[in-house]
Amino acid sequence: MSHAFRFLKRCTSALCYTIAIVAIVAAFLELIARAAWSIHPITRQAELENQGASPVYAGAAWSREFWQEESARRKKTTVYVPFRIWGVTDWHGKYINNDQTARGFRRRTINPNCNPEHELTVWTFGGSTMYGTAVPDWATIPSYLSRDLNSGARDCIMVTNFGVEGYVTDQELMLLTEQLKVGGHPDIVIFYDGVNDSSLAWPPSSAPNAHFLFGKIKSRVEGSLSARLDFLQKSYALRLAGEGMARLHSGRSFASAVSQAQPNVIAAFNNYEANMRVARVLGDAYNFRVYCFWQPMLTYGHKPLVPFEQQMATRDASGTSAESAWFLTMAAVFREAERQAANGADFVFLGDLFDSTQEPIYVDEAHLGPRGNEIVAQAIASYLRDHPVSGQTARTATAN
């Protein structure tokens, strides 16, 4: 018995020592990996650094302070929202403000002080580009749109920003329905989409009518083993190993995989169109006009690119990485959208909006700096004035 006890004690001690050594080595590797991961451009980690380095902020005295605030905001924990899964979180700062309303948090829009008795309401829906990621409150598309629509208008036009980072049109449609159910009465509803819906067409095995993080959330709901271990995905050591493996296979062609995603390309676009049809049915039922706009993207169109933009475009068009294949698949959805728009589809294709714009516009492949958002808002406002609706809304749209 004593011999067995001593043997068991030695085994237990050896196991404890082994666990301690493994933990120390893992912690050491994690520290080394974290240091390596933070070095740009060794890895693609530096999203904030990449975006903050865009020339769209050149000469902007506020940009450094803004990006400090933006960095802190992005670290804030996401809150769960029934059915839509996530929404806008509470945040107040010098440059970014998500204000609480009776119907949830909304990104602040700079609206004019005017007579509410003549107020017309414009609701804008979209993902992060509509929300205003990477720009202050005054430089979002809704803020610029409010300025343009109220320029010379007889009525008071109030724009509300319902953009939510990461949303696709399915979630936006749910959000619109929720607002209508609790008594909201817009005069005009604007959808500004394209990038997020298109991105769900990749990989070929994905669900093109789902939402971001679909696989992870599905695994957690189903209680799979991968869901119990998905915290490991945050490990710098594993992420660095994955980056290394990606670089080892960087010469591989993804052309065949992109071609296999063609059914998803059609399905993603059809899903977008179906959602917009439902939105118009709601507009008929609740007496508001729906306008749909397909947004620009760096990797589509013929914008004269500045070096910062060209570097991203060249990388994304290489076809030698999964990320590049993702953007090539998105571009295929954009081509389908442009083709359908030319054939009379009921949305406005803005994918070529910057084809004659020489100045820097992009912060990354989708998000725009202040000037880019201003151009988009001008295009939307111009379309609304040229395509007015009947009644009170029409008088506002044409008053300029």
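Analyst: Let's start with a term we will need: two strands count as paired when DSSP finds at least two bridges between them. This is a predicted model, and in it strand β9 (residues 289-294) pairs with strand β10 (residues 348-349) in the parallel sense, over two bridges. One contact point to look for in β10 is F349, the bridge partner of W294.

User: Which strand is joined to β9 by six bridges?

Analyst: That is strand β8 (residues 188-193), and β8 and β9 run parallel. You can trace the match residue by residue: I188 stands opposite R289 in β9, and F191 stands opposite C292 in β9. Strand β8 also has a partner in β6, with which it pairs in the parallel sense over five bridges. There, I188 of β8 is the bridge partner of V122.

User: How do I read the two faces of a strand, and which residues of β8 lie on each side?

Analyst: The general idea is that side chains in a regular strand alternate between the two faces of the sheet. In β8, I188, I190 and Y192 are on one side, while V189, F191 and D193 are on the other, and all of them are buried. Because six of its six residues are buried, β8 is largely enclosed by the rest of the structure. Strand β9 is also largely enclosed, since five of its six residues are buried.

User: What should I look for in a nonpolar core, and which residues touch the most other members of the largest one?

Analyst: In soluble globular proteins, nonpolar side chains tend to be buried together. Here the largest nonpolar core has 53 residues, and F125, L176, V189, F191, W294 and F347 touch the most other members. Elements that give two or more residues to this core include β6 (119-126), α6 (169-181), α12 (262-286) and α14 (322-342), along with β8 and β9. Apart from it lies another core, of 34 residues, among them A139, Y192, F293 and F308.

User: Which residues does V189 touch, leaving out those up to four places away in sequence?

Analyst: V189 touches W123, F125, L176, F288, R289, V290 and Y291. For the chain as a whole, residues 24 or more positions apart account for 76% of the contacts with a separation of 6 or more.

User: How many residues of helix α5 are buried, and what covers them?

Analyst: Helix α5 (residues 141-149) is mostly covered, with eight of its nine residues buried. Among the buried ones are I141, Y144, L145 and D148. Their cover includes β6, α4 (128-131), β7 (156-161), β8 and α15. To see the approach of α15 (residues 370-386), find S382, which lies in that helix. The C-alpha atoms of S382 and D148 are separated by 8.7 Å, although the two are 234 residues apart along the chain. S382 is partly exposed, with a relative accessible area of 30%.

User: How do I read a salt bridge, and how many does the structure hold?

Analyst: Side chains of opposite charge can pair when their charged atoms come close. This structure holds 16 salt bridges. Try E70 in helix α3: its side chain meets that of R73 at 2.9 Å, N to O, and it also forms a salt bridge with R74, with the closest N and O atoms 3.0 Å apart. R73 and E70 are three residues apart in the helix, about one turn, and R74 and E70 are four apart, also about one turn. Both R73 and E70 are buried, whereas R74 counts as partly exposed at 28% relative accessibility.

User: Where do R339 and E336 lie?

Analyst: Both are in helix α14, three residues apart, about one turn of the helix. Their side chains meet in a salt bridge of 2.8 Å, N to O. R339 is partly exposed, with a relative accessible area of 43%, while E336 counts as buried at 10%. Elsewhere, salt bridges that share partners join R147, D148, E359, R371 and E374 into one network.

User: Which residues form a nonpolar patch on the surface?

Analyst: Look at Y17, I21 and V25, which together have about 330 Å² of accessible area. I21 lies in helix α1 (residues 2-37). Exposed means over 50% relative accessible area, so I21, at 53%, counts as exposed.

Note on methods
Residues are numbered from 1 along each chain as its sequence is written. This is a predicted model: local features need pLDDT of at least 70, side-chain atom pairs count only at pLDDT 80 or more; totals for chains, interfaces and linings use all residues. Side-chain values use heavy atoms; hydrogens and water are left out. Patches are made of residues with over 30% relative accessible area and no salt bridge: like charges are joined within 9 Å, nonpolar side chains (Val, Leu, Ile, Met, Phe, Trp, Tyr) within 5 Å. Accessible areas come from the Shrake-Rupley method with a 1.4 Å probe; for residues, only the protein chains shown count as cover. A salt bridge is a side-chain nitrogen of Lys or Arg within 4 Å of a carboxyl oxygen of Asp or Glu. Buried means under 20% relative accessible area, exposed over 50%, partly exposed in between (1.4 Å probe, protein chains only). A nonpolar core is a set of buried Ala, Val, Leu, Ile, Met, Phe, Trp, Tyr and Cys residues joined through side-chain atoms within 4.5 Å. Contact means heavy atoms within 4.5 Å.
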